[in-house]
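Me: I am in my first year and would like to take a close look at a single part of this structure. Could you walk me slowly through one sheet and what lies against it, and then through some of the charged pairs elsewhere in the chain?

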Amino acid sequence: MSDRGLAELARKTIRKMASAHYGILRTSMSLRGQSEITPGYASRLATLDSAILRLSRGKWLYGRSTGELADFATRTSSENDLAKASDSFDEANAIARAMMNDDTIHGVDDRYSLTKRNGLIWFDDTPIVPSICPIVILSGSSFDMGRQYAHQCIDIFGPFVFETAAGKSFSALDRDHLQAWIEQASRLTPEILQMAEGMAAGATRQGVALDADHAFALWVGTLAPATEPAPIGVLDADGGGVMGAYFGDHQIDSNSADIGEGMCSAAAAWGQATRTGELCFSSSTDHDCTFQATIIAYPDEGHPFIYTPFSVNGSVPGVGRFGFAGHPGFNTAGLAYVHHGGGGACTENHSEWGHGVPRGISTLHNLRFASSAKDAIDREVVLPTGDVGHVLGAPGGFYADDKGGYVLESRNRPEAAIRTHSESPSGAVHDFLYATNNVISQHIDSDVFPPGPNTRWDAIQGWEYMGANAEADGVGLLTRRFWSTSSVSRNRYFYDRLIEKNGQLDLAAMLDLFRRGPDRGNVTWPEAEQAMANGGDLHRPSAAHRLNAFVAAGEPSRRSYMAAIGPITHRSVSPNRPGHGYFLYDETNAYWQVELADTIGGLVKQARDDAANLITSAEKALGECNLPKDGEDRLRGFLLDAKHSFSTPIPALTAEKAKDDELAATARALRGFTRAQVRARQILQALAPPEEWDHCLARTET
């Protein structure tokens, strides 16, 4: 088939993908107000999972054909992959539509199509994104930690997460750009080069022939720095044009592109805004969730830290390559990296754009070596301007500690745009900050928000550009202008919720920011879609919505970190705007909690103790309830899973510097305890209405 014919087939497949997404969305939303105590609810969830498995398979085959899987599978340009993807989307949509028409429909039997390889579930030939975030534990030198990272990631996911990167061919131009990145890293962040060398050694030991250059390319890519605001997208990153599934034909049920649904959100509070005066924060990464792992590191040099990149290999299918950027994280000195801090205004002097330190590298460097928010910003403002034209291609972001916080929105010289407090319309300042995907600093000079009738600024909502024009703006500017439109309502949401509890904010309150989904008011979803397509908004937008890929919260002074894959609201949650959102197989809507203890042993023990307490509470609650059979079977299954996961043995670390196999086994035990926590919380949440879910929290009260 010709390239043109393949492109047309891909567009048709995208339309079927969107239709399947919408079918699953409407079916999910029909479950509002239900739980396992509702007869038939658990059976409907099982059927919905059958549809989501087929949606996942279709997206994998589509992405493999078009190259949008990036570093997870080699591009096939296969007509057969697209045809099979199309069939899979049709199957998913048929199941979802049948559920809407018949509440008694039973789940499709997928037992013989599901297998487990390494620590991952596969549906036929498709790896399924885990619904409980895995954890890797690293310790020792930079080289040691890189080696352990590759070892444990392959232990969890299998070789495919590094095989595609290992098989890439670099052109002479690719190598020139890679060398330029290497020169900057060797001067400014040499530990990352050492970690990349360790990753190559660890992957090779596990049978994946990854060399040091290919490993470092996962952190920086091989592209030339952008000379103007660049779009996001995998095919664009490969030089093949912006891909379709993220920016493409979504006008199936509305006139608004899915890019406006949400995107990442975060808030942090300290000082007079909090109940104790200490820092607490929460954040979400918003996209179609991929294979990711939380890193807990105990380096020989620097502070122990915890941090969750967007992706295990630095790439997000469909969206692009971001190195090991992600959020949130904190270290034992009390410094937190909360969020990327806006969408990037690209205000820096163009003559200074170039190779430098990408965001993933700067974040890990600060979490490891910076001791405070002031220390972090002092380190960041002197770094090279870097690749600001590519999203997250340069240092910056949202940092905080017990004494204060900052959002570095532009590193323009000689004066950067930095927010240190939130401001009310009257000019009062507050000890909290929030960030979404636009810029809030008032005094900026950006091509993204040029003076004129289409641009407006608000102290709470920040900068918004209305009337973006795809033909006139170019995709790079269009990306950031769409982000500003989708951000203003979430900024307002954060401000209103934080002001409401100003002075009494704590970890539970921060987590609650992601528990209440959007409210469409007293209208049907189709009516809400039409109103929003005409420029209206939801009755009550929220940062908690159907695009949440990863939700986390933390309290560094107590070393507490809580994390969940997907939304932590009820699974019927909608997007903020017309669009389908994304869906996970075995969606949990529940989080695990760990404590970044001084030692690995202390870390594992606390997670085990929390799991034991939650299992005891869940078993007691389950024994006191009279449930419909399908609901009881589902929750009893969770209890069995929790107890089985809890029984994972903890190896005895034989030396201060643990051997890789022993450390991998310790991480496996920790993953068992966090899985047990999630399953127990699912039981407790099922037996209580969402407004009472706070009783499921562990160790959040003083």
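Reply: In this predicted model, a good place to begin is an open sheet of six strands, which follow one another in the order E18-E5-E6-E21-E22-E23 and pair in an antiparallel way. The edges of this sheet are formed by strand E18, residues 432-435, and strand E23, residues 592-595, each of which pairs on one side only. If the direction of the strands is ignored, neighbours in the sheet are turned by 15° against each other on average.

At the E18 edge, strand E5, which covers residues 265-269, is joined to E18 by four bridges, and the two run antiparallel. To find one of these places in the view, look for Ala267, whose bridge partner in E18 is Tyr434.

Across E5 and E18 lies helix H14, made of residues 475-500, which runs at about 160° to E18. With its 26 residues, H14 reaches 38 Å from its first C-alpha to its last, close to the 38 Å expected at 1.5 Å a residue, although the helix also bends by about 35° at Ser487. Is H14 enclosed or open to the outside? Because 19 of its 26 residues are buried, H14 is largely enclosed by the rest of the structure.

Turning to the charged pairs, the structure holds 40 salt bridges, and helix H18, residues 629-646, gives examples of how they can be placed. Glu36 forms a salt bridge with Arg634, with the closest N and O atoms 2.6 Å apart. This pair links distant parts of the chain, since Glu36 sits in the loop between helix H1 and helix H2 while Arg634 belongs to H18, 598 residues apart. Glu36 has a relative accessibility of 7%, so it counts as buried, the cut-off being under 20%.

Another salt bridge stays inside H18: Glu632 and Arg636 both lie in this helix, four residues apart, or about one turn, and their closest N and O atoms are 3.5 Å apart. An α-helix has 3.6 residues a turn, so residues three or four places apart point the same way. Glu632 is partly exposed, at 30% relative accessible area, and Arg636 is partly exposed as well, at 33%.

Asp641 forms a salt bridge with Arg679, at 2.9 Å between the closest N and O atoms. Asp641 lies in H18 and Arg679 in helix H19, residues 660-686, so this pair ties together parts that are 38 residues apart in sequence. Asp641 is buried, with a relative accessible area of 19%, and Arg679 is buried at 4%.

Key: Residues are numbered from 1 along each chain as its sequence is written. This is a predicted model: local features need pLDDT of at least 70, side-chain atom pairs count only at pLDDT 80 or more; totals for chains, interfaces and linings use all residues. Side-chain values use heavy atoms; hydrogens and water are left out. Two strands pair if DSSP finds at least two bridges between them. Axes are lines fitted to C-alpha atoms, for helices over the stretch in contact, and angles run from 0 to 180 degrees between N-to-C directions. Contact means heavy atoms within 4.5 Å. The expected span of a helix is 1.5 Å times one less than its number of residues. The bend at a residue is the angle between axes fitted to the seven residues ending there and the seven starting there. Buried means under 20% relative accessible area, exposed over 50%, partly exposed in between (1.4 Å probe, protein chains only). A salt bridge is a side-chain nitrogen of Lys or Arg within 4 Å of a carboxyl oxygen of Asp or Glu.
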